[in-house]
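Here are a few exercises to work through with the model open beside you. Try each task before reading its solution.

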Amino acid sequence: MTFKKSIFFTFVSKVSVSVLGLIMVVLISRNLGAEGRGHLSLFVSSIALVQLFADFGSSSAIINLSYKINQRKLWLSSLIWISGICFLSFGVLQSLRHVPYYIVIPFAAFLFSAINLNQMLLMGNQEVKKRNVSLLIQPASLLILFIGFYFYAEYGVMSYPIALFIALLISFSVSLILVWKFLIKNEGRFTFEPLVLKQGLLVQGAQAVQFFNYRLNFFLIAFFINDAALGLYSNAIVICESIWILGHSIGQIQHVKILNTTDEREQLILTTRLVYVNVLGTGAICVVLAFIPNSFWVLLFSKDFAQMSDLFKYLFPGVMAFSISNIYNHYFHAKSEFKRIFKYNSFGLILGLTSALVLMPLYGIQGACMSWSFGLIISMVFYLLGFKKISLNIFEKN
């Protein structure tokens, strides 16, 4: 598959995932309101928090390592770590029983991480189409199952955690089938591969910082304000994250392209070109969304979400900042510059969190949006400066 086709099909698959996710958000928002949406957002964010640590064993470093190490060994080593973290999370969650459906969280986190591991191995083997198919299974299954449980079985709010768990089981099974041929051909005696954690610590450490940079506000809003405000904020963030589909699609194919390109100048030129493409595409989407009135969001979600458009003006600066840093992030990732990524994301987290603690008490949910953007802008500045410094060194050397 050509470079442009890979980006296109990855973009289409991610758009499809986003659309399915948006339909789910609409159904939950219209039927459960902002408070119900916030309640389930806290549940999903708690799963993501456990998965964050489980993914130290199934990080995107697996893509790089799959070029060098027995893939069966990688897979088994990763699963051991994932299983251990999810088992330990049971003890922590026992003391946090106010978290919705806490008993399901470790199991769901395990399945999410295991699916991610299988998809990373597919990417490492340049099986982009199969990875894209795998991406669609979980949200499609979740939507169908939720509709069945909520509207026909009438399980109410419990429909979501039940549907999510079954959808994850289906998605894991499909991803395992797709990656299985790469696992069985790598036979031999198993020994735990420490590089899984060594590189995973660096990669996922950076991702952990990024996670807190734009997810920590979920927990702060639930604590300082209420579930209804969290529901409104959560929907606004969902829309913003959907804008990043273009950048993520470009970045993942860029990552593989750089791994298969030895010319450093060509890697720099490719990255710079893709930054411009991503900024133009992301900017165009932001302009369109900026002109959508609040009445549309009320019609789409419910009257509880009448402030959606008002929040976007505080969130779009962060969206544009991330459109730049995202492409540079994939460049540094492909070059195994994990410490650099961790450092840049940490600057954004520290300053973003500091601003959240100042702005949220003053401006409420608007302050949360401002701090979210501020953290992403800070990270972007450091990514830009770091890439510029490397570019100057390489071009001077050649």
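The exercises below go from the whole chain to single residues of this predicted model.

**Exercise 1. Find out how far the prediction can be trusted, and where confidence is lowest and highest.**

Solution. Start with the whole protein: the mean pLDDT is 82, and 86% of the residues score at least 70. Next, go element by element. Helix 2, residues 61-65, has the lowest confidence, with a mean of 67. At the other end of the scale, helix 6, residues 159-184, reaches 90.

**Exercise 2. Describe the overall make-up of the protein: how many helices and strands are there?**

Solution. Count the elements first: there are 14 helices and 0 strands. Reading from the N terminus, every element in the order is therefore an α, as the run α-α-α-α-α-α-α-α-α-α-α-α-α-α shows. Then turn to burial: 54% of the 398 residues count as buried.

**Exercise 3. Examine helix 4: what is its span, and is it mostly covered or mostly open?**

Solution. Begin with the ends. Helix 4 covers residues 105-124, which is 20 residues. From first C-alpha to last it reaches 28 Å, close to the 28 Å expected at 1.5 Å a residue. Now look at its surroundings: 17 of the 20 residues in helix 4 are buried, and the helix is mostly covered. Finally, step past its end to Gln126, which follows helix 4 and has a positive phi, near 60°.

**Exercise 4. Locate the nonpolar patch on the surface, and name the helices that each supply at least two of its residues.**

Solution. Pick out the members: Phe223, Phe224, Ile225, Leu353 and Leu357. Together they have about 510 Å² of accessible area. Then trace them back to their elements. Helix 7 (195-224) and helix 13 (338-363) each supply at least two patch residues; Leu357, for one, is found in helix 13.

**Exercise 5. Work out why Cys240 is in no disulfide.**

Solution. Recall the chemistry first: a disulfide is a covalent bond between the sulfur atoms of two cysteines. The count for this structure is 0 disulfides. Check the distance for Cys240: its closest cysteine sulfur is in Cys286, 7.3 Å away, so the two are too far apart for a bond; the cut-off is 2.5 Å. Cys369 is in no disulfide either, and its nearest cysteine sulfur, that of Cys240, is 7.9 Å away. Last, check burial. Cys240 has a relative accessible area of 0% and is buried, and Cys369, at 0% relative accessibility, also counts as buried.

How values were computed. Residues numbered from 1 in each chain as written. Predicted model: local features only at pLDDT ≥ 70, side-chain atom pairs only at ≥ 80, totals over all residues. Heavy atoms only, no water. pLDDT = per-residue confidence, 0-100. Helix = DSSP H or I, 4+ residues; strand = E, 2+ residues; numbered from the N terminus. Expected span 1.5 Å × (residues − 1). Buried < 20%, exposed > 50% of the residue type's maximum accessible area, 1.4 Å probe, protein only. Patch = residues over 30% accessible without salt bridge, like charges linked within 9 Å, V, L, I, M, F, W, Y side chains within 5 Å. Areas by Shrake-Rupley, 256 points an atom, 1.4 Å probe, with all protein chains shown as cover. Salt bridge = Lys/Arg side-chain N within 4 Å of Asp/Glu carboxyl O.
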